[in-house]
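Please look through the sequence and the three-dimensional model below before reading on. The report that follows takes the parts of the chain one by one.

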Amino acid sequence: MCRKIELWFVNNGLGSWLKTMPYTEDRNKWYEGQGNWKDTPKSDWEDWTWQLRNRITSLEQLEPLIDLTGDEMTGCQHASKKLAMAITPYFFNLIDRDDPECPIRKQVIPRSGEIVVSGEEMLDPVGEDAHSPVAGLVHRYPDRVLFLVTDRCAAYCRYCTRSRLVSNAQDYNFHPEFEQGLRYIETHPEVRDVLLSGGDPLLLSDNKLDYLLGRLRQIPHVEFIRIGSRIPVFMPQRITDNLCDILRKHGPIWMSIHANHPKECTAELKAACERLAFAGVPLGNQSVLLSGINDDVDVMKALIHRLLRMRVRPYYIYQCDLITGSAHLRASVCKGLEIIKKLRGHTTGYAVPQYVIDAPGGGGKVPINPQYITKIDDEAIHFRNFEGKLFRYPLKSFMIDDECRCHEQEIEC
Ligand code: SF4
């Protein structure tokens, strides 16, 4: 729907009716361009170090660019105490400056809700610190570790699970120690899978990344290396030929990007994903389910379809962790289940991500699925399909173990 018509609805008190309208988009259009920075030389715009140097990091820089609401002003004033504000010019361009509810805007411009801390919220909501044998390394699952190699990001997501340490606004005093982490991995032969995260590992210089990946590749028991990065989404200019050469040299390196809304899938991101894919990097996407941003089946469907077209497999939808000051962004679990129910069977299987909750306090990721099994008895498993129709598959008694028996009661959902 065109913006003028939308505004007419809002101005005539029909905003809430508008919210029930399905999300629509021109599927063949990919946003691109320099927008607000159209006079910046292309060579600067395409230089990731220019994007970093010109990030919007203060209320003073933000105010001339956008009319802030009172809620956002308060949020910006508080940001330096919780999680710093930083927005790359590239990502800022994706904001609809006429719309206070713009899904891009809500992800990066702080709001007063960040100040409100409820009882169930935590500084370390998924219990990473308790599973850290050495600073910057989390060893929760038997065969894999999370290696936090930096505390900085290109831009800061207002719902970040690691707000306690990224940007160092909370004086957490985290100093990533490569050597300590590498030594731990070298001396733990059970670790076959290393996930580099942070902060954002792609913020490291090419030389540092080359060194780190080279050291990991020298460890015989490390079979699988992954990078979790939002940089392709915040700053696709970082995906240079040299970076791709490094990733190719140490490959296979798998990468999870982090896009939450179809508006983030621009021509620039598509081209960056193509460069990564051609360098042999398998790509997945992790989204966080966020209230008023992507807790809508049409929005999610548009996102996952765009991801597939960018060579990215939708991997996870995370229920937003119970990070302090995130209640205004957390969507309901029922909404998450409804989205999966309306995707599974209704679109390409490859496009359907796994919905997970990272168990509060440190239980790890747990898949949350709509209920398809209705009953398991001594004779059959009973289940419903994506249309709600009921079916049964016969079982022989030896096929039923104790775990199955917990389904013997009829399940209502
Ligand atoms: S990019 Fe990742 S680590 Fe950085 S602020 Fe966003 S969610 Fe947190």
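## A hairpin and its small sheet

In this predicted model, a hairpin links β10 to β11 by way of three residues. The two strands, β10 with residues 373-376 and β11 with residues 380-384, run antiparallel and are joined by three bridges. One place to find this pairing in the structure is I376, whose bridge partner in β11 is I381.

The hairpin belongs to an open sheet of three strands, which has the order β10-β11-β12 and antiparallel pairing. Its edge strands are β10 and β12 (390-394), each of which pairs on one side only. On average, neighbouring strands of this sheet are turned by 20° against each other, if direction is ignored. Between β11 and β12 there are five bridges, again in the antiparallel sense, and F383 has F391 in β12 as its bridge partner. As background, the strands of a sheet pair through backbone hydrogen bonds, and they may do so in a parallel or an antiparallel way.

## The nine-stranded sheet

Another open sheet is built from nine strands, arranged in the order β1-β2-β3-β4-β5-β6-β7-β8-β9, and its pairing is mixed. Because β1 (137-141) and β9 (364-367) stand at the edges and have a single partner strand each, one side of each is left without a neighbour in the sheet. Neighbouring strands here are turned by 30° against each other on average, with direction ignored.

An example of parallel pairing in this sheet is given by β7 (residues 313-319) and β8 (residues 354-359), which are joined by three bridges. Within this pair of strands, I317 stands opposite Y355 in β8. Helix α15, which covers residues 333-343, packs on the sheet and touches β6 (283-289), β7 and β8, and the direction of the helix makes about 160° with that of β7.

## A cysteine in helix α15

Is C334 buried or exposed? This residue lies in helix α15, and it has 9 other C-beta atoms within 10 Å, so C334 counts as exposed, given that a residue with 12 or fewer such neighbours is placed in that class. C334 and R152 are 182 residues apart along the chain, and their C-alpha atoms are separated by 33 Å.

## The surroundings of the ligand

Which residues are found around the ligand? They are C153, Y156, C157, C160, R162, V166, G198, G199, D200 and R230. When the residues of this shell are divided by character, five are nonpolar, two are polar and three are charged.

Two of the residues listed around the ligand, G198 and G199, are also joined to each other by a cis peptide bond, with omega near 15°. G199 is found in the loop between β3 (193-197) and α10 (206-217).

## Backbone angles to look at

As a general rule, most peptide bonds are trans, and most residues other than glycine have a negative phi. Besides the bond between G198 and G199, which is cis, a cis peptide bond joins G251 and P252, where omega is about 0°. P252 lies in the loop between α12 (241-249) and β5 (253-257).

Positive phi values also occur in residues that are not glycine, and N168 is one of them, with phi near 55°. N168 has its place in the loop between β2 (144-148) and α9 (178-186), and it counts as partly exposed because it has 16 C-beta neighbours inside 10 Å. R311, which is not a glycine either, has a positive phi of about 70°. R311 lies in the loop between α14 (297-309) and β7, and with 15 other C-beta atoms within 10 Å it is partly exposed.

## The chain as a whole

Taken together, the secondary structure of the protein chain comes to 16 helices and 12 strands. Along the principal axes, the C-alpha atoms fill a box of roughly 70 × 65 × 45 Å. A compact globule of 413 residues would have a radius of gyration near 22 Å, and the protein chain, which has 22 Å, agrees with this.

Of the 413 residues in the protein chain, 37% are buried. Among contacts between residues at least 6 apart in sequence, 78% join residues that are at least 24 apart.

Terms used:
Residues are numbered from 1 along each chain as its sequence is written. This is a predicted model: local features need pLDDT of at least 70, side-chain atom pairs count only at pLDDT 80 or more; totals for chains, interfaces and linings use all residues. Two strands pair if DSSP finds at least two bridges between them. Helices (H or I, at least four residues) and strands (E, at least two) are DSSP runs, numbered from the N terminus. Axes are lines fitted to C-alpha atoms, for helices over the stretch in contact, and angles run from 0 to 180 degrees between N-to-C directions. Two residues are in contact if their C-beta atoms, placed from the backbone, lie within 7 Å. A residue is near a molecule or strand if its C-beta atom, placed from the backbone, lies within 6 Å of it. Ala, Val, Leu, Ile, Met, Phe, Trp, Tyr, Cys and Pro count as nonpolar, Asp, Glu, Lys and Arg as charged, and the others, Gly among them, as polar. The radius of gyration is taken over C-alpha atoms; the globule rule is 2.2 Å times the number of residues to the power 0.38. A residue is buried if 20 or more other C-beta atoms lie within 10 Å of its own, exposed if 12 or fewer, and partly exposed in between; C-beta atoms are placed from the backbone.
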